[in-house]
Amino acid sequence: MAEAMTHVTPSLADGRLVLRPWRDTDVAELHAAVQESVASVGRWLPWCRADYDMDRAGAWTRHCHETWRTGTQFAFAVRDAVGGELLGGCGLNQINPLHRSANLGYWIRASRHGQGLAAAAARLVARFGFAELGLIRIEIVTLPDNHASRRVAEKSGAVFEAMARQRLWAWDRAHDAAVYALIPADLDQPAAAQSAAISS
């Protein structure tokens with residue numbers, strides 16, 4: 001499944017966004033994006049903290065390079081297609097080769113919230129997962145009170161399936177989580193139509 005992509009460096013684009021694997025040259029911009037987002041993104045993602053320094057950013061890009069090589073994670077830097085600004089990250093992890101499934105995660109820097117960027121990036125990465133990795137199911141798992149992330153999941157076309165007990169471990173304790181999922185057919189219709197169908 002994922003082995004076919006370990007030596008490939010794809011670029012995903014929709015005219016507004018360009019997604020590509022993380023590079024060492026992204027470290028300074030990643031550090032700046034995280035620092036501006038501690039109060040917002042950091043509320044939901046434990047790694048987004050005030051002590052996230054250049055060393056941590058460098059360790060992340062090296063980790064992404066290694067996990068891409070091994071086919072265990074496919075993490076993308078999300079950039080503005082016009083100006084080139086680093087907007088955030090989106091990727092697939094927790095890949096299960098036996099059942100052809102994975103988890104999809106995303107974050108957007110604080111100054112670019114509310115522009116539909118995370119949902120657009122999620123759809124690009126989901127298409128990559130289905131078309132290039134042969135996945136048949138992609139999950140989005142988020143804390144129940146993270147309403148922004150849940151809206152992103154719905155706008156990307158994902159279907160809410162369950163409120164799973166103690167599904168996440170963060171901040172040294174277990175948390176219930178809202179579980180959404182995408183299958184290939186969910187991307188066959190526009191995201192807006194899918195979201196409307198879910199809420200009706």
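Which side chains meet in a salt bridge at 2.6 Å, N to O? They are those of Arg-137 and Glu-161. Arg-137 lies in strand β6 and Glu-161 in strand β7, so the pair ties together parts that are 24 residues apart in sequence. Arg-137 is partly exposed, with a relative accessible area of 23%. Glu-161 is partly exposed too, at 43%. Keep in mind that this is a predicted model.

Now take the sheet to which these strands belong. It is open and has eight strands, in the order β1-β2-β3-β4-β5-β6-β8-β7. The pairing is mixed. Strands β1 (12–13) and β7 (159–170) stand at the edges with a single partner strand each, so one side of each has no neighbour in the sheet. Further in, β6 (residues 137–142) pairs with β8 (residues 173–182) in the antiparallel sense, over five bridges. Here Val-141 stands opposite Val-179 in β8.

Two helices pack on this sheet. Helix α2 (residues 54–70) touches β2 (17–21) and β3 (74–80), and its direction makes about 125° with that of β3. Helix α3 (residues 117–132) touches β1, β2, β3, β4 (86–96), β5 (101–108), β6 and β8. The direction of α3 makes about 35° with that of β4. Of the 16 residues of α3, 13 are buried, so this helix is largely enclosed by the rest of the structure. After α3 comes Gly-134, whose phi is positive, near 75°.

Aromatic rings also link helix and sheet. The whole structure holds eight aromatic pairs. One of them joins Phe-76 and Phe-128 edge-to-face, with 5.3 Å centre to centre and 85° between the planes. Phe-76 is in strand β3 and Phe-128 in helix α3, 52 residues apart. Both are buried. Together with Trp-68 and Phe-74, they form one aromatic cluster.

Back to the charged side chains. A search of the whole structure finds 13 salt bridges. In one of them, Glu-36 meets Arg-109 at 3.0 Å, N to O. Glu-36 lies in helix α1 (residues 27–36) and Arg-109 in the loop between β5 and α3, so this pair ties together parts that are 73 residues apart in sequence. Arg-109 is buried, with a relative accessible area of 9%, whereas Glu-36 is partly exposed at 34%. Another salt bridge stays within helix α2: Glu-66 and Arg-69 are three residues apart there, about one turn of the helix. Their closest N and O atoms are 2.5 Å apart.

Technical notes:
Residues are numbered from 1 along each chain as its sequence is written. This is a predicted model: local features need pLDDT of at least 70, side-chain atom pairs count only at pLDDT 80 or more; totals for chains, interfaces and linings use all residues. Side-chain values use heavy atoms; hydrogens and water are left out. Two strands pair if DSSP finds at least two bridges between them. Helices (H or I, at least four residues) and strands (E, at least two) are DSSP runs, numbered from the N terminus. Contact means heavy atoms within 4.5 Å. Axes are lines fitted to C-alpha atoms, for helices over the stretch in contact, and angles run from 0 to 180 degrees between N-to-C directions. Buried means under 20% relative accessible area, exposed over 50%, partly exposed in between (1.4 Å probe, protein chains only). Rings of Phe, Tyr and Trp (its six-membered ring) pair if their centres lie within 6.5 Å; planes under 30 degrees apart count as stacked, over 60 as edge-to-face and the rest as tilted. A salt bridge is a side-chain nitrogen of Lys or Arg within 4 Å of a carboxyl oxygen of Asp or Glu.
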